[in-house]
Amino acid sequence: PYQYKRSSNHRREYARGGAQSKIVRFWGGAKEIPWEDFELVIGLKVNSQIQISSNSLEAIRITVNGVLQRKLGNQAYRLRVRPKPFQKYRENRMLAFAGADRVQSGMRNSFGRSTGVCARVRAGQIVLDVGTYIRNLPLVRDRLRIASMKISSPCQIVVIGYKTPELLKKSGLPLYDAK
């Protein structure tokens, strides 16, 4: 793996260049309210092992955070993007103009240049979690559904935490299971 970390045990001469992460803020809503104070904590679970680019993570955060902030206010929810993009991905860029086949060598020496960073995500891992109240559930569900379209894997909306079993039944969502 070509990880973009600044630490003593990662030799950075193997992973030079590339773009920085597009996502800079991993939180949204009321950070000071503990997760336990919300009636429901809902998550977006990825069903297969994939790599999610930092552009996709930022698009997911904006999709959910922008509408919730506008419609619910800052104190009615708490949002967290879990995966951190440290993995560099490479791209063998091809030229796209007339006579390009005489200039480049195709797939010969096709190691590529690092073009950005992404996060490695295991199957069954939570990508995004939102703490909210039961009255806001339809809006949060809809935003998580739209956010799942920005990931190249099938996703599932699950309940991670709840205050009472009645709230879990009212939500109509499955309980989170890592398996």
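Helices (H or I, at least four residues) and strands (E, at least two) are DSSP runs, numbered from the N terminus. On that basis the chain has 4 helices and 8 strands. This is a predicted model: local features need pLDDT of at least 70, side-chain atom pairs count only at pLDDT 80 or more, and totals for chains, interfaces and linings use all residues. Residues are numbered from 1 along each chain as its sequence is written, and side-chain values use heavy atoms, with hydrogens and water left out.

**Whole chain**

Show the cartoon. From the N terminus on, the elements run β-β-β-α-β-β-α-β-β-α-β-α. Now show the surface. The chain exposes about 10700 Å² (Shrake-Rupley method, 1.4 Å probe; for residues, only the protein chains shown count as cover). Carbon and sulfur atoms supply 49% of that area. Buried residues make up 41% of the 179 residues. Buried means under 20% relative accessible area, exposed over 50%, partly exposed in between (1.4 Å probe, protein chains only).

**Strand 6**

Select residues 113-121, which form strand 6. Here 7 of the 9 residues are buried, so strand 6 is largely enclosed by the rest of the structure. Add strand 3 (residues 50-53): it pairs with strand 6 in the antiparallel sense over 4 bridges. Pairing requires that DSSP finds at least two bridges between two strands. Ile-50 has Val-121 as its bridge partner in strand 6. Next add strand 5 (residues 87-91), which is antiparallel to strand 6 and joined to it by 5 bridges. There, Tyr-89 stands opposite Gly-116 of strand 6.

**The core**

Go to Leu-128. The largest nonpolar core has 30 residues, and Leu-128 is among those that touch the most other members, with Ile-42, Val-64, Val-130 and Leu-144. Such a core is a set of buried Ala, Val, Leu, Ile, Met, Phe, Trp, Tyr and Cys residues joined through side-chain atoms within 4.5 Å. Leaving out residues up to four places away in sequence, the contacts of Leu-128 include Ile-60, Leu-79 and Val-81. Contact means heavy atoms within 4.5 Å.

**Salt bridges**

Which residues join Arg-80 in a network of salt bridges? Select Arg-82 and Asp-129: these two and Arg-80 are linked in the network. A salt bridge is a side-chain nitrogen of Lys or Arg within 4 Å of a carboxyl oxygen of Asp or Glu. Asp-129 and Arg-80 meet at 2.7 Å, N to O. This pair links distant parts of the chain, with Asp-129 in strand 7 (residues 126-132) and Arg-80 in strand 4 (residues 78-81), 49 residues apart. Asp-129 is buried at 1% relative accessible area. Arg-80 is partly exposed at 24%.

Move to helix 1 (residues 54-72). Glu-58 and Arg-61 are 3 residues apart there, so about one helical turn separates them. Their side chains form a salt bridge (3.0 Å, N to O). Both residues are buried.

Now find helix 3 (residues 137-148). Asp-142 and Arg-145 are also separated by about one helical turn, being 3 residues apart. Their salt bridge spans 2.9 Å, N to O. Asp-142 is partly exposed at 29% relative accessibility, and Arg-145 is partly exposed at 40%.

**Last stop: Gln-156**

Select Gln-156 in strand 8 (residues 155-162). Is Gln-156 buried or partly exposed? Gln-156 counts as partly exposed, at 31% relative accessibility. Its contacts, not counting residues up to four places away in sequence, include Gly-43, Asn-47 and Pro-174. Draw a C-alpha to C-alpha line to Leu-144: the two residues are 9.1 Å apart in space and 12 residues apart in sequence.
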